Amino acid sequence: MRKRASASAQLLEALCEMRKQGQTELDGRPIKLVIAGDGPARKGLEQYAASNALPVSFVGNLSQTALPPLCAPTPPRAPTRRTAGTRG
């Protein structure tokens, strides 16, 4: 990945590291990542995911109404730049 990695790239790298350590489940459920969007980084992210056999689905651009069902079953979330370092 590039020097200043995007949030998506960081998630893929973290998922790769987790799999290397043998962690493929969270709370008894398989870890899977869904990435929405068609930005310029998509091709590189897809190549990274494929070369590391990561369980990732790239779903392209989605409407705002299509996003909530994808997020609902995944309570653990990675901090974003906006929320990192804040107290909840």
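Is valine 34 buried, partly exposed or exposed, and what is its relative accessibility? At 42% relative accessibility, valine 34 counts as partly exposed, where buried means under 20% relative accessible area, exposed over 50% and partly exposed in between (1.4 Å probe, protein chains only). The model is predicted: local features need pLDDT of at least 70, side-chain atom pairs count only at pLDDT 80 or more, and totals for chains, interfaces and linings use all residues. Residues are numbered from 1 along each chain as its sequence is written, and side-chain values use heavy atoms, with hydrogens and water left out.

Valine 34 belongs to strand β3 (residues 33–36); helices (H or I, at least four residues) and strands (E, at least two) are DSSP runs, numbered from the N terminus. The covered face of β3 carries Leu33 and Ile35, and the uncovered face carries Val34 and Ala36. Together with Val59, Leu62 and Leu70, Val34 makes a nonpolar surface patch of about 270 Å². Patches consist of residues with over 30% relative accessible area and no salt bridge, like charges being joined within 9 Å and nonpolar side chains (Val, Leu, Ile, Met, Phe, Trp, Tyr) within 5 Å. Accessible areas come from the Shrake-Rupley method with a 1.4 Å probe, and for residues only the protein chains shown count as cover.

Strands β3 and β4 run parallel and are joined by four bridges; two strands pair if DSSP finds at least two bridges between them. Leucine 33 has valine 56 of β4 as its bridge partner. Leucine 33 also lies across from helix α1: its C-alpha atom is separated by 8.5 Å from that of leucine 15, 18 residues apart along the chain. Leucine 15 is a residue of α1 and counts as buried at 5% relative accessibility. Not counting residues up to four places away in sequence, leucine 15 touches Ile31, Leu33, Leu54, Pro55 and Val56, contact meaning heavy atoms within 4.5 Å.

Alanine 9 is also found in helix α1 and is buried, with a relative accessible area of 3%. The C-alpha atoms of alanine 9 and alanine 49 are separated by 9.5 Å, with their positions 40 residues apart along the chain. Ala49 is one of the buried residues of helix α2 (residues 42–51), alongside Leu45 and Tyr48. Seen down the axis of α2, these buried residues fall within an arc of 95°, so they line one face of the helix; the arc is that of the directions from the helix axis to the C-beta atoms. The buried residues of α2 pack against α1 (7–20) and β4 (56–60). Lys43, Ala50 and Ser51 are exposed on the other side of α2. Just after α2, alanine 53 takes a positive phi of about 50°.

Two salt bridges are counted, a salt bridge being a side-chain nitrogen of Lys or Arg within 4 Å of a carboxyl oxygen of Asp or Glu. One joins the side chains of arginine 42 and aspartate 38 (2.2 Å, N to O). Aspartate 38 is partly exposed, at 43% relative accessibility. In the other, the side chains of glutamate 46 and arginine 42 meet at 3.0 Å, N to O. Both glutamate 46 and arginine 42 lie in α2, four residues apart, about one turn of the helix. Glutamate 46 is partly exposed, with a relative accessible area of 29%. Through shared partners, the salt bridges join Asp38, Arg42 and Glu46 into one network.
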